Amino acid sequence: SVVILDFGSQYTRLIARRVRELRAYSVILPGTASLERVLAERPQAVILSGGPNSVFDPSSPRPAEGLLEQGLPVLGICYGMQYLAMAHGGRVERAGRREYGKAVLTRHEGPLFEGLEGELQMWMSHSDAVTALPEGWRVIAETEENPVAAVAAPDGRTFGVQFHPEVVHSPKGMAVLENFLELAGVRRDWTPEHTLEALIADIRAKVGKDRVLLAVSGGVDSSTLALLLSRAIGSQLTAVFVDHGLLRLNERHEVEQALRPLGDENLRVVDASEQFLRALKGVADPEEKRKIVGREFIRVFEAEARKLSQEGCRWLAQGTLYPDVIESAGGEGAANIKSHHNVGGLPPDLNFELLEPFRYLFKDEVRELALLLGLPEPIRMRHPFPGPGLSIRILGEVTPEKLDVLRRADDIFISALRDWNLYDSVSQALAVLTPLQSVGVIGDERSYGYVLGLRAVSTADFMTADWARLPLDFLDEVARKITRQVPEVGRVVYDITSKPPATIEWE
Ligand code: XMP
C-alpha cells in the first residue's frame, strides 16, 4: 500500500484518489499517526501531504519519530517537501511572497520527471520555501520564481515537490506520481476485480455464518452493497427496502428488478406509503417534511430490524464511503463516531454490529464494482436522489394527487434526457411541482394548471452548481410533452439559477 500522511491539505483526498487511479492501494492516516499505525498498513511508500502550517513552527504537526529511518521511499508534497528538507538538515524559510497559482517548471530533470519533455505547468500554493538543501540532495526542478521546485535525496527514492501534482491544474502531475510509484516499486494491482475478491474474502471472514441486515434505498451504494453481500454470503443477507411512497415513477419496480439476484426470500419490500402520507398530511414546511420522513423511516426500519434481531441477525451493513470516513477525521479516530451516527435513530437495545465494506472506497470505485456485479446501467449511473424523495419537490403540502402529477411530469423530463443522450452530461435533474396555478387557454376555454419547474445542474461536489445549458429544442420538446400528457400542468418553466445563491432542490 501507499500511506498518505495528512498534514491538513485540502488536496489530501485527491492524492489518495490519484494513487488509486494509478492502481495502487492507498490509505490516508493523520500526519502524526504513530509509527506502529503506519507500519501496520505495510506501506511500500509514504506520501507526506501539504498543509497550512510552517515546518519551522515548533508546534506544527510531524510524522512519527523514526518514520524516515525505515528505508521507505517518501514523496513530500509542499509542506511535506519542506518537512523532508528540514528533517534531513536543510533550511526552510518564509518566502518573500506567497507563490500561488499556475507555475511553469522551466527546468526539470531526473527519474521523477522521466518521459516528460519541455516546460511543465504545475500548481503552486505556498508561502515557505526551501532555502538550503540537506547534504547530498539535488534540486531537480525550478520555476521562474522558485529555484527549488523539486528535490531528490541521494537514495534515489526520496523526493520532494513544492508543487501539487495531484490537482487538475497540474496536467502532467499524474505522470510525476506514477514515476514515483515506479521508483518506489509499489505494487500496482488495485484493479476492480482485485477489490471485489478482497472485499468478498473480508466479508466472509468477518461475518462467518452470521446473518446481515441491509437497508436498500435504490441508490447506487446500497444497491451495489446488496449485490456484493449477496455474492459473498448468499442467503445470510436480508435486504430491506422501504417504499415510502415518495419514489419516482417505476422506481420500486426497477430496484426490485436490479436486486433479483438476491432471491425473493432475501429482499423484503415494505410498502409504507400510506403511513408516510398520513404523517405528512397538512405539513407544508420543508424542514418539517424532512424530519417526518426521517422519523417514519426509522420507525418502519426499526420494526423490521427488531424482527430480524430476534431471529438472531447480528450485523447491520451500511454503504459508508471513504469520503464520509475521512471527512471529519482526516484519518481514523472520529470515523467510528460518525458511523454510529449513521445508524442514528435505531435504539441502543438493538445491538447490531456494523459492517461497512465500502469504507475505503470512493464513489467511482463503487461504480466500477457495480459494473462487475451486474447492477443495471440506469441505477449504476443514476443521479443522486434525496432521502425525503418527492416530498421536497412538491412545494407545500404533499397529496396523493400532486405526487401523481409530479411523477408523470418528472418521468417525461428524465426519459427525454436519456433519449437525447443528455442524462450523463448533467449531474442532477429534477422536476418541481409548485402550488401556483396559472392561466392558459385550451381550445376556446380559459384553463388553470400547475406551474412546473424543471431544473438540471452541473457540479463536481454538489456544494456549488451551475445550471445546465440544455438545448432549447430539447426544452421545447419536454414542455410540449408534459403539457400534452399531464394536463394538470399548465405551464413549464426552466430554472436558470446557479448555486449559490439558489440551492439545487427548491425546498
Ligand atoms: P441542495 O438543495 O442543498 O442539494 O443544493 C444538494 C444535494 O443534496 C440533495 N439533498 C438532500 N439529500 N436529504 C438527502 O438525502 C435531504 O434532505 C436533501 N436535501 C437536498 C440534493 O438532491 C442535492 O443532490
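Q: In this predicted model, what makes the approach of Q428 to the ligand a polar contact?
A: A polar side-chain atom of Q428 lies 2.7 Å from an oxygen atom of the ligand. The cut-off for a pair of N or O atoms is 3.5 Å. The distance is within that limit, so this pair is a polar contact.

Q: How do you know that R290 makes a polar contact with the ligand?
A: Take a polar side-chain atom of R290 and an oxygen atom of the ligand: they are 2.6 Å apart. Polar contacts are N or O pairs within 3.5 Å, so R290 qualifies.

Q: Which part of G387 lies 3.0 Å from an oxygen atom of the ligand?
A: A backbone N or O atom of G387 does. The protein covers 69% of the 500 Å² of accessible area that the ligand has on its own.

Q: How many residues of each class form the shell around the ligand?
A: The shell has 4 nonpolar, 3 polar and 3 charged residues. Among the residues around the ligand are F462, K499 and T503.

Q: Why is S34 called partly exposed?
A: Its relative accessible area is 37%. Buried means under 20% and exposed means over 50%, so S34 falls in between. S34 sits in the loop between β2 (26-30) and α2 (35-40).

Q: What makes β11 and β12 a pair of strands?
A: β11 (residues 237-243) and β12 share 5 bridges, in the parallel sense. Pairing needs at least two bridges, so they pair. Within this pairing, A239 stands opposite L267 in β12.

Conventions:
Residues numbered from 1 in each chain as written. Predicted model: local features only at pLDDT ≥ 70, side-chain atom pairs only at ≥ 80, totals over all residues. Heavy atoms only, no water. Near = heavy atom within 4 Å. Polar contact = N/O pair within 3.5 Å; in protein donor to acceptor, adjacent residues only side chain to side chain. Areas by Shrake-Rupley, 256 points an atom, 1.4 Å probe, with all protein chains shown as cover. Nonpolar A, V, L, I, M, F, W, Y, C, P; charged D, E, K, R; others polar. Helix = DSSP H or I, 4+ residues; strand = E, 2+ residues; numbered from the N terminus. Buried < 20%, exposed > 50% of the residue type's maximum accessible area, 1.4 Å probe, protein only.
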